[in-house]
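Me: I am new to this structure and would like to know how its labels are earned. Could you walk me through them?

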Amino acid sequence: MSAVNAIPENLSEILSGEDIAVTSKAPAAAAPTRRTPYFETESGKRLIEGSLNLFKNAIPPLLGMVLFVALWALISNTNKSIPGPLETWDAAVVLFSDPFYDNGPNDKGIGWNILNSLYRVGIGFGLAAAVGIPLGFMIGRFDFLNRMLSPVISILRPVSPLAWLPIGLLVLQKAEPASIWVIFISSIWPMVLNTAAGVQRIPQDYMNVARVLNLSEFKVFTRILFPAVLPYVLTGVRLAIGVAWLVIVAAEMLTGGVGIGFWVWDEWNNLNVAHIIIAIFVVGIVGLLLEQMLMLIAKRFSYD
């Protein structure tokens with residue numbers, strides 16, 4: 001073993017490191033890359049979150065329907081005159097296999113009956129909207145008109161819709177326009193009252209600005225009243241369509257003709273309880289669809 005003598009001649013070389021060989025380390029083996037599990041990725045997390053939201057939103061209504069069907073089955077087992085869920089389902093499959101058959105005036109498919117009822121509701125409801133919404137604007141805008149019509153509306157609004165049917169039959173002499181009249185007089189009040197309430201809740205500052213700018217009544221309506229009152233109008237329309245669809249079933253039971261109400265009464269005369277239960281579901285589903293459609297329109301025109 002020899003030693004290195006650090007003499008003055010080679011001291012500078014030792015310090016400079018020119019003769020010192022640096023031993024390079026062998027490169028370490030690369031560690032294998034860990035693959036991220038799918039449910040830890042962004043798409044996986046979104047999938048889990050969406051599944052949880054679907055579970056939370058779907059389970060309560062599904063559980064409610066299961067309990068309803070179970071209660072229905074229990075009642076049908078207790079009372080044999082009431083068809084059970086399976087029997088009613090079989091009758092519905094047969095009924096909707098040909099919903100638009102036509103065997104004469106008093107024997108039409110359920111599809112024709114629904115369409116005829118919707119036709120009557122559309123006309124009566126449209127006439128009520130054409131009269132009720134402008135009347136609501138005027139009642140809310142002019143205090144004198146409000147005080148003049150308030151007692152009349154307070155008296156007529158609580159009257160049962162079917163109480164108006166004899167008046168319609170007496171004046172119009174026909175069942176079809178009498179049914180439309182009942183829908184009109186029943187569905188007009190929610191639109192009048194909600195529209196008037198919306199006009200009356202407009203901040204007074206808006207009207208003061210309109211007076212300062214000397215706006216015409218038309219511009220006050222188009223620039224101030226209509227945009228501010230539109231949510232109230234749509235709420236009244238949504239309530240009115242529910243009332244209209246509710247009334248038409250009862251009115252058609254009394255007036256006859258082609259319609260879902262008459263169809264229910266005719267099936268009762270035939271002692272076909274399964275078809276009556278089907279009609280109840282049909283009326284509820286159609287009413288729900290009409291209300292949901294108007295709620296979507298209301299959200300579309302909401303400016304909150």
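Reply: Happy to help; below we take the labels one by one. One thing to keep in mind is that this is a predicted model.

Me: How many helices and strands does the chain have?

Reply: There are 11 helices and 0 strands. Reading along the sequence gives α-α-α-α-α-α-α-α-α-α-α. Of the 304 residues of the chain, 32% count as buried.

Me: What makes Trp72 buried or exposed?

Reply: Buried means under 20% relative accessible area. Trp72 has 14%, so Trp72 is buried. Phe68 has a relative accessible area of 41%, which lies between 20% and 50%, so Phe68 is partly exposed. Both residues sit in helix H2, 4 residues apart, about one turn of the helix.

Me: Why is the ring pair of Phe68 and Trp72 called tilted?

Reply: In general, a pair of aromatic rings is described by the distance of the centres and the angle of the planes. For Phe68 and Trp72 the centres are 6.2 Å apart, and rings pair if their centres lie within 6.5 Å, so the two count as a pair. Their planes stand at 45°, neither under 30 degrees nor over 60, so the pair is tilted. Ring pairs also link Phe68, Trp72 and Phe281 into a cluster.

Me: And what makes the pair of Phe100 and Trp112 edge-to-face?

Reply: Here the centres are 5.2 Å apart, within the 6.5 Å limit, and the planes are at 80°, over 60, so this pair is edge-to-face. Phe100 lies in the loop between H3 and H4 while Trp112 is in helix H4, so the pair ties together parts that are 12 residues apart in sequence. Phe100 at 44% and Trp112 at 34% are both partly exposed. A search of the whole structure finds 6 aromatic pairs.

Me: Which residues have the most contacts inside the largest nonpolar core?

Reply: Met191, Trp245 and Ile260 do, in a core of 51 residues. Several helices supply at least two residues each, including helix H3 (85-96), helix H4 (110-141) and helix H11 (273-300). The largest share, 12 residues, comes from H9. Leaving out residues up to four places away in sequence, Ile260 touches Ile110, Asn113, Ile114, Ser117, Trp245, Val249, Glu252, Ala279 and Val283.

Me: Which residues form the nonpolar patch on the surface?

Reply: Phe55, Ile59, Leu62, Leu63, Val66 and Leu67 form it, with about 590 Å² of accessible area together. Take Ile59, which lies in helix H2 (residues 42-78). Patch residues need over 30% relative accessible area, and Ile59 has 35%, so Ile59 passes that cut-off. With 35% lying between 20% and 50%, Ile59 counts as partly exposed.

Me: How do you know that Gln173 is exposed?

Reply: Exposed means over 50% relative accessible area. Gln173 has 61%, so Gln173 is exposed. Gln173 is placed in the loop between helix H6 (165-172) and H7. Its phi is near 70°, a positive value in a residue other than glycine.

Me: Where is Leu271 found, and what label does its relative accessibility give?

Reply: Leu271 is in the loop between H10 and H11. At 64%, over the 50% cut-off, Leu271 counts as exposed. Phi of Leu271 is near 55°, again a positive value in a residue other than glycine.

Conventions
Residues numbered from 1 in each chain as written. Predicted model: local features only at pLDDT ≥ 70, side-chain atom pairs only at ≥ 80, totals over all residues. Heavy atoms only, no water. Patch = residues over 30% accessible without salt bridge, like charges linked within 9 Å, V, L, I, M, F, W, Y side chains within 5 Å. Areas by Shrake-Rupley, 256 points an atom, 1.4 Å probe, with all protein chains shown as cover. Salt bridge = Lys/Arg side-chain N within 4 Å of Asp/Glu carboxyl O. Buried < 20%, exposed > 50% of the residue type's maximum accessible area, 1.4 Å probe, protein only. Core = buried A, V, L, I, M, F, W, Y, C linked by side-chain atoms within 4.5 Å. Contact = heavy atoms within 4.5 Å.
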